[in-house]
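Please examine the sequence and the structure shown here before reading the report.

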Amino acid sequence: MATETDFEVVSAVLSAEPISVDQAIAAVESDTAGAVVSFSGVVRNHDGGKPVDRLSYSAHPTAHRTMSEVVAALVAEHSGEAQQPVRIWAAHRVGSLEVGDPALVCAVAAAHRGQAFAVCAELVDRIKAQVPIWKEQFFSDGTVEWVGAGSSRGFAWQWFAGLVTVPSCPGPGGSVDAMTEQLAVAVLGARGRMGIEAVKAVEAAEDMKLVAALGRGDSLETLLEAGAQYIVDLTVPDTTEANVRFAVEHGIHAVVGTTGWDASRLDSLRELLEQQQGTGVLIAPNFALGSVLASAFAAKASKYFESVEIIELHHPNKVDAPSGTAVRTAQLIAEARKEAGLPSSPDATESALEGARGCEVDGVRVHSVRLRGLVAHQEVLLGGPGEQLTLRHDSFDRASFMPGVLLGLRKVAAHPGLTVGLDGYLDLGL
């Protein structure tokens, strides 16, 4: 006689990593299964008669929960029907996908093929109809189209040459709540200069609501009492790790702009996130989109120049040196030059006063300036025989960081696990 345990959900997740049918089948097959039925929805190279180059999937912050609820509802409706265990595996990709990549993979193992086919088909239909995930299609002619899942009617945003049209977006069952539900955000470090700007930015964002603004000494339990779904951590190196770990342990997504995250701290956080699947953390040395782009450009260009050094310039109240942005830029440059097989920049210095040549990050020289009147600035100097290329970014006001903070909040739920650098959320195509 069947019991309430006749169905087992092995996995029901959104994944920023590649998924495959082989992975799904291996997870569900068992000695009691006489049939394993799988489905793989892959990215095709055309849509509506137009050639497609690639796709990018984005998920609403509730998508992880909805995915679990959809599978749980299916199990509840069919519970008691099986004489032997039925095992279910389902995963939907988020992020960038190339043609041929699986976007949705499901597998069902059952004693008999009829039940396996029926459950798998229903599972696929429900995920596509109810989970709020949207795909951005990049066509070969340069046009881009947003196509909405999570609704039987769907929606599309299309633009070309800067022209944008945004229609209403129905959610599951034809309602608009999937897109209009505001993100519940708490700002930590809310009384600091960056925190004050973050509070203003969140309050001004129509798709967000500020549920808590914590300062030094405030209890983290306030996050739970306020119902925070997201935190922005703009505190200090001594407290940021405890703040983020508390958030992750309670399933709260985190966007972090605080420095102090060395390799050991990052490794420890990755281990914690493996136990809290579905929770996303973004640690960004810099939220200014121009700065992120400049660092990416510098890494790309560094492969073509013999010499490269970094100068970062900040206000004198900054407590760390070099800046997190400079460290991140140096790491990206070092990685790019290593892949290109380039040696370190030439330097014949034989004697120097301490600090005269700055510090060294992965073989890249970094120089720090602290000067009243500055906010946040960085130059990357690249030199070759007879020429020099300078890439400079300037933030004249902390408001310049807020578009990146908001972008991080809107995307972090769609990128479970740890992402270091806002460039991880940008389709730079470099």
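The report treats two open sheets, the helices packed on them, and several buried elements.

## Basis of the model

The structure is a predicted model.

## The four-stranded sheet

An open sheet is built from four strands in the order 1-5-7-2, and the pairing within it is mixed. Strand 1 (7-15) and strand 2 (35-42) are its edges; each has a single partner strand, so one side of each lacks a neighbour in the sheet. From one strand to the next, the twist averages 5°.

Strand 5 (residues 86-93) and strand 7 (residues 102-110) run antiparallel and are joined by six bridges. Within this pairing, Ala90 has Cys106 of strand 7 as its bridge partner, and His92 stands opposite Leu104 of strand 7. Strand 1 and strand 5 run parallel and are joined by eight bridges. Here Ala12 stands opposite Ala90 in strand 5. Ala90 is thus placed opposite Ala12 and is also bridged to Cys106 in strand 7.

## Helices on the four-stranded sheet and the burial of strand 5

Two helices pack on the strands just described. Helix 2 (residues 63-78) touches strand 1 and strand 5, and its direction makes about 160° with that of strand 1. Helix 3 (residues 113-130) touches strand 1, strand 2, strand 5 and strand 7, and its direction makes about 150° with that of strand 7.

How many of the eight residues of strand 5 are buried? Eight of the eight are buried, so strand 5 is largely enclosed by the rest of the structure. Both of its faces are covered: one side carries Val86, Ile88, Ala90 and His92, and the other carries Arg87, Trp89, Ala91 and Arg93. The buried set therefore includes the charged residues Arg87 and Arg93.

## The loop position of Thr32

Thr32 is located in the loop between helix 1 (21-28) and strand 2. Its relative accessibility is 36%, and Thr32 therefore counts as partly exposed, since that class lies between the limits of 20% and 50%.

Apart from neighbours within four places in sequence, Thr32 is in contact with Gln84, Pro85 and Ala111. The C-alpha atoms of Thr32 and Val86 are separated by 8.9 Å, although the two residues are 54 residues apart along the chain. Val86 is itself one of the buried residues of strand 5.

## The five-stranded sheet

A further open sheet has five strands in the order 18-19-17-20-21, again with mixed pairing. Strand 18 (359-361) and strand 21 (387-395) are the edge strands, each pairing on one side only. On average, neighbouring strands of this sheet are turned by 25° against each other, direction ignored.

Strand 17 (residues 307-314) and strand 19 (residues 364-370) run parallel and are joined by six bridges. One pair of bridge partners consists of Glu309 and Arg365, the latter in strand 19. Helix 9 packs on the sheet, where it touches strand 20 (376-384) and strand 21, and its direction makes about 160° with that of strand 21. Helix 10 lies across strand 17, strand 18, strand 19 and strand 20, and runs at about 170° to strand 17.

## The contact between helix 9 and helix 10

Helix 9 (residues 289-301) and helix 10 (residues 324-339) also pack against each other, at an angle of about 25° and with their axes 8 Å apart. Because angles under 35 degrees count as roughly parallel, the two helices are described as roughly parallel to each other. Their crossing is right-handed.

From helix 9, the contact involves Ser291, Ser295, Ala298 and Ala299; from helix 10, Thr325, Thr329, Leu332, Ile333 and Ala336. By class, this contact has five nonpolar, four polar and no charged residues.

## Further buried elements

Strand 14 (residues 230-233) is covered on both faces, with Tyr230 and Val232 buried on one side and Ile231 and Asp233 buried on the other. Strand 14 pairs in the parallel sense with strand 12 (residues 183-188) over four bridges, and Leu188 stands opposite Asp233. Strand 14 also pairs in the parallel sense with strand 15 (residues 253-256), over four bridges; in strand 15, Ala254 is the bridge partner of Ile231.

In helix 11 (residues 402-411), seven of the ten residues are buried, so this helix is largely enclosed by the rest of the structure. The buried residues are Met402, Gly404, Val405, Leu406, Leu407, Gly408 and Leu409.

Definitions and conventions
Residues numbered from 1 in each chain as written. Predicted model: local features only at pLDDT ≥ 70, side-chain atom pairs only at ≥ 80, totals over all residues. Heavy atoms only, no water. Axes fitted to C-alpha atoms, helices over the stretch in contact; angles between N-to-C directions. Parallel < 35°, antiparallel > 145°, perpendicular 65-115°, else oblique. Left-handed = near helix turned anticlockwise from the far one by under 90°. Contact = heavy atoms within 4.5 Å. Pairing = 2+ DSSP bridges. Buried < 20%, exposed > 50% of the residue type's maximum accessible area, 1.4 Å probe, protein only.
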